[in-house]
Structures are given as structure tokens and as C-alpha cells.
Amino acid sequence: MRMPRRGLVIQARTRWLLVGLALLFSLVLLMYLLECAPQTDSNGSLPGVVGESMGKEYYQALLQEQEEHYQNRATSLKRQIAQLKQELQEMSDKLKSLQEKKSPKVNGMNYQGTKEQTSNDLLEFLHSQIDKAEVSVGAKLPSEYGVIPFESFTSMKVFQLEMGLTRHPEEKPVRKDKRDELVEVIEAGLEVINNPDEEDGQDEDDGVGDRQLYSENDFIEGYYRTERDKGTQYELFYKKMDGMEYRHVTLFRPFGPLMKVKSETVDISRSIINIIVPLAGRTEAFAQFMQNFRDVCIHQDKRVHLTVVYFGQDGLSEVKSILESVARETDFHNYTLVSLNEEFNRGRGLDMGARAWEKGEVLMFFCDVDVYFTAEFLNSCRLNAEPGKKVFYPVVFSLYNPAIVYANQDIPPPVEQQLVHKKDSGFWRDFGFGMTCQYRTDFLTVGGFDLEVKGWGGEDVHLYRKYLHGDLMVIRTPVPGLFHLWHEKHCADELTPEQYRMCIQSKAMNEASHSHLGMLVFRDEIEAHLRKQAYRTNSEAVG
């Protein structure tokens, strides 16, 4: 009978011991929370009904969130450092093995310079990856499909070409590794700007106090692309809120640690853009274009010249009237109207607009009357075109037919409210090369447009191919501030078979998304289904 009683005593002691440990743990936890809670001003009151206690809970949650953020960041950096160490070690071992095979021993001793030689070989290999990639100079490519396009990003979103059926034209990075990659790149760019070395062109005498420091909030936009056998290239742009100078940093990850390619200050404060628009008829569309031009170029940017090349006489007086009205109301006179009494030819119009400029070198933006752009796009145009070095071919976001997109509304919303990057509202027009920013001398040097191309389409592809076959770098990326507004398209019988095919393809692509087109195709089936459902519901109600 003693054994059961002894077991009860032990069980009771164990229970009290556990209760004591639980109380002790609760006490320690309470002391920790009180110790970590931020000190609040005794004279101030925090927003909310519950006053100070609510403030403590808010700051504790904020503190926990910040702590988790830095812990995740530290974990990410540790993982990346470990991966880089492993990669460097593997490459060092390979190089060391090769070196030992070439000169295993000198007088019975291992070669003393092997370690230094290995490091030099490793750096030489990484720099060779940069030299092979299309970072500093353009590569000659066989066709317009050979270029590797960039994808653009901000601190919050990525604008991507490859969507498939699940991805969106604009989205937040979902994968944590992708978010960490972009955060790391932005921070690496800041490190380069805030801690420049001699080759960045800044004086050594300038102290940190005299130098303007940049933060994550100064990051404007970036582009990246990956060459599978070489590495990933990043083009980063930073700007202070109240300044006009941009800091441009190019980074390259040669399947290893990031390596700085260059860091420079880009001053675009005096960079004039000559916007060239070929036009024939379509005066209502031109009036809408001038409204956007007034808001963006005259009121915001103030560093543009407009060149309109008009074909024919029908509608010419109305176009003149629109331009003169804008000039009177805004005191804007930086425009040129070129009149050609001939059949419309887009390449001919843009060529005439480029040659009509008589003030030397200028950055040109070849535009259409159906294109809507923002002030941010104009700065992207300035930042990504450089005379003798690179031309900018942005990918336009083309809007679908608003009558289909907004079929459930009485009337489509205003144009400004249609400018969203969604799968059912539009698509990245990656087969179009008509919108481009390039310098006048580069355009004339490459030979301009093929003026033998008549009617719709083809002239822009010919010019694009000329740049791909040359030495200039082509910057190809989707940009969030450039939209092609939907308009009804007519494919003329006079077009060549190739032009007619391209016109029909463009017409089909512009009409609606895959899902909306499917709804139109199966409209009769859907309506029949709805009638059956309504009949079944009424029958059940009567019964």
C-alpha cells in the first residue's frame, strides 16, 4: 500500500514544480516586455481611446515588426555570404588545381605565389564575364528578337514582359529571394554612391560632411536583365527629391558577388527632347494628345520641343488652330509644324521631323498621336539614350478596347483612369518598335528610316535592326509611364501581304484580353445558359 501513496506524493511535487516554472517564466516574460517597451512622454497622449496602454501595444508591435525585418535581413545576408564563400572557395580550388598542374613545385617547395596568383586569376575571370556581357558596348545581333530585354522595377513593383497565364504585367515580387535580390542591389548601389572610390571621379578632399548622402527613399527606378552564360546586369537611378541630378550606377553579378562597373552623375536639367509626331487627319485624337502634352510637357517638364509633321491639306487648318490656341493659353512657342502635301508615310514624317531641327545635337522622341506619356517617362528617355553609345526602345503598355474592358459600365471612365497595368486592361506591346528615344546624330549616322516602305508598319523594325547590327547598345525595357491608347484600326487593301498580316495581328492583339475575347466568342452559349438558369429559377418559384 506504500507504493501508491509514494507515487501520489511524487506526482503532487511534480505538478507544483511545473506550476512554479510556469509562473517564473511568465514573470520573466512580463519583465522583458516592460523593459523593451519604448518610453513614452508622460505629458503626451497617444491617439486612440485607450490612451497610453494602446500606445505601448502599438510600439511593441512596431518593435517586433522591425526586429523581424532585421532578423530576416541578417539571415538573408548570412546565407548570401555563405553561398558566395562557397562559390569563391570552389573557384579558388579549381584555379589552384590548375596552377599546381602547371607548376607543382619549385626546388621541392610549393610555389609561394600560388595564393596570390589564384586571387588574381579569380578577379580576372570575374572581369572577363563583364567584358563578355553586353554592359559597356552593344553586341551585333541577327534580328529584332535577338536582344535581351530588361525588366524594370521600383522599390515596390516589378514591370515584366514574360507573363504567361499566372504572372501580371505589374506586380510586387512574391518570391522572398527575388525581393531580397532587389533590396540587395538597391543597397549595393547606395554603397557605391555614398562611398565612392577614386575612379568615380569625386575629389578625395571632399569629406562625408560635404558630400550629399543618398538613402533608399532616393531610389527612382532600375532595370535588370540576365545573360544566362554571363550574369545579371543592373542599371540603377537615384535622385534627391529637390534636385535635378540623377546618380546612375551600373552593377553586374557575374554569377558571383556584385561588381561595380561604373558610377556617374547624370545631369538632365538642360536636356531638351524634340518630340516628333507624324500625322494625317485624326484631329480629335490630336486635340487629346495636346491636352496630355500641355499637362506633362508645358506645365511639368518644360524642356521639350514639339515637331508635328502633317500630311495632306484636309484637317491642316484645324491642327494649326489647336497649336495656336495652346500657344496663346500657355505662352508655349517651342513647336514646329511641317506640312507635306503627299500620302501619309510614318517613316518619311519622322525623317522630315528629325531633319527640320537646325540647332545641332538633340534628343528625339519618335511618338504617335495615340500615345500617352508621363513626365517620369521623359526623364527615363533622357537617362537611357546617350549619343554614340546607346538608344532607348521602351516597350509600350497598349490598352484594350474600353468598350469591351468596361462593358459592365454605362460609359468607359476617363482616359486618366484607364491607365492601369492589368491583364484585362492591356498588354506590353513587345512586338512594336515605333516609340523610341535616340539622338539626332545617331539617327542620321545609321541612315534613318527606309523611305521605300509605304503605308502602315515595317519602317520602325528596319530602323531597329540597323541599331542591332551596329555597335550602339539598345536599351529595351517596359516602362510604366508610356501607354498606347486604343483606337479603331483599318487595314487597307493596298498593303503588302506582310504589312497586312502585321496589321491584322496588331488589330487582334489590341482588341481585348484572352478572357474577354473568350467571353465574346462564347457569348451565345453563355446567354443560353443564363436563360436556362432563369427559367429553372422561375419554375421552382412557381412550384
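Where is the place of Y467, and in which helix? I looked this up first and found Y467 in helix α12, which runs over residues 459-468. A note to self before going on: this is a predicted model, and my entries should be read that way.

**Entry: Y467 and its surroundings**

Is Y467 buried or exposed? With a relative accessibility of 2%, Y467 counts as buried, because the cut-off for buried is under 20%. I then listed what touches Y467, skipping the neighbours within four places in sequence. The contacts of Y467 are V391, Y393, Q438, D442, F443, V446, L472 and V474. I picked D442 from that list for a distance check. Between Y467 and D442 there are 9.2 Å from C-alpha to C-alpha, with a separation of 25 residues in sequence.

**Entry: helix α13**

Next I turned to α13, which covers residues 497-511 and has 15 residues. From its first C-alpha to its last, α13 reaches 21 Å, and this is close to the 21 Å expected at 1.5 Å a residue. Which residues of α13 are buried? My list for α13 has Q499, C503, S506 and N510 as buried. They sit on the same side of α13, because the arc they cover around the axis is only 65 degrees. What covers these buried residues of α13? The cover includes strands β13 (390-399), β14 (426-428) and β16 (473-484).

While I was in α13, I also noted a salt bridge between R501 and E498, with the closest N and O atoms 2.9 Å apart. R501 and E498 are 3 residues apart in α13, so about one helical turn separates them. R501 counts as partly exposed at 45% relative accessibility, and E498 is partly exposed too, with 44%.

**Entry: other salt bridges**

How many salt bridges does the count come to? I have 16 salt bridges written down for the model. I looked at a few of them one by one.

R355 and D351 meet through their side chains in a salt bridge, at 2.8 Å from N to O. Both residues lie in helix α7 (residues 346-356), 4 residues apart, which is about one turn of the helix. The accessibilities of this pair made me look twice. R355 counts as partly exposed at 44% relative accessibility, whereas D351 counts as buried at 6%.

K389 forms a salt bridge with E386, and here the closest N and O atoms are 3.6 Å apart. E386 is partly exposed, with a relative accessible area of 23%.

I also marked a network of salt bridges that links D301, R303 and R382.

**Entry: a nonpolar patch on the surface**

Last, I went looking for nonpolar side chains on the surface. Which residues make the nonpolar surface patch? The patch is made by M519, V521, F522, I526 and L530, and its area is about 490 Å². Two helices, α14 (514-521) and α15 (523-542), each supply at least two residues of this patch.

I chose L530 for a closer look, and found that L530 lies in helix α15. Why does L530 count as exposed? Its relative accessibility is 52%, and the cut-off for exposed is over 50%, so L530 falls on the exposed side.

Conventions:
Residues are numbered from 1 along each chain as its sequence is written. This is a predicted model: local features need pLDDT of at least 70, side-chain atom pairs count only at pLDDT 80 or more; totals for chains, interfaces and linings use all residues. Side-chain values use heavy atoms; hydrogens and water are left out. Patches are made of residues with over 30% relative accessible area and no salt bridge: like charges are joined within 9 Å, nonpolar side chains (Val, Leu, Ile, Met, Phe, Trp, Tyr) within 5 Å. Accessible areas come from the Shrake-Rupley method with a 1.4 Å probe; for residues, only the protein chains shown count as cover. A salt bridge is a side-chain nitrogen of Lys or Arg within 4 Å of a carboxyl oxygen of Asp or Glu. Buried means under 20% relative accessible area, exposed over 50%, partly exposed in between (1.4 Å probe, protein chains only). The expected span of a helix is 1.5 Å times one less than its number of residues. The arc is that of the directions from the helix axis to the C-beta atoms. Contact means heavy atoms within 4.5 Å.
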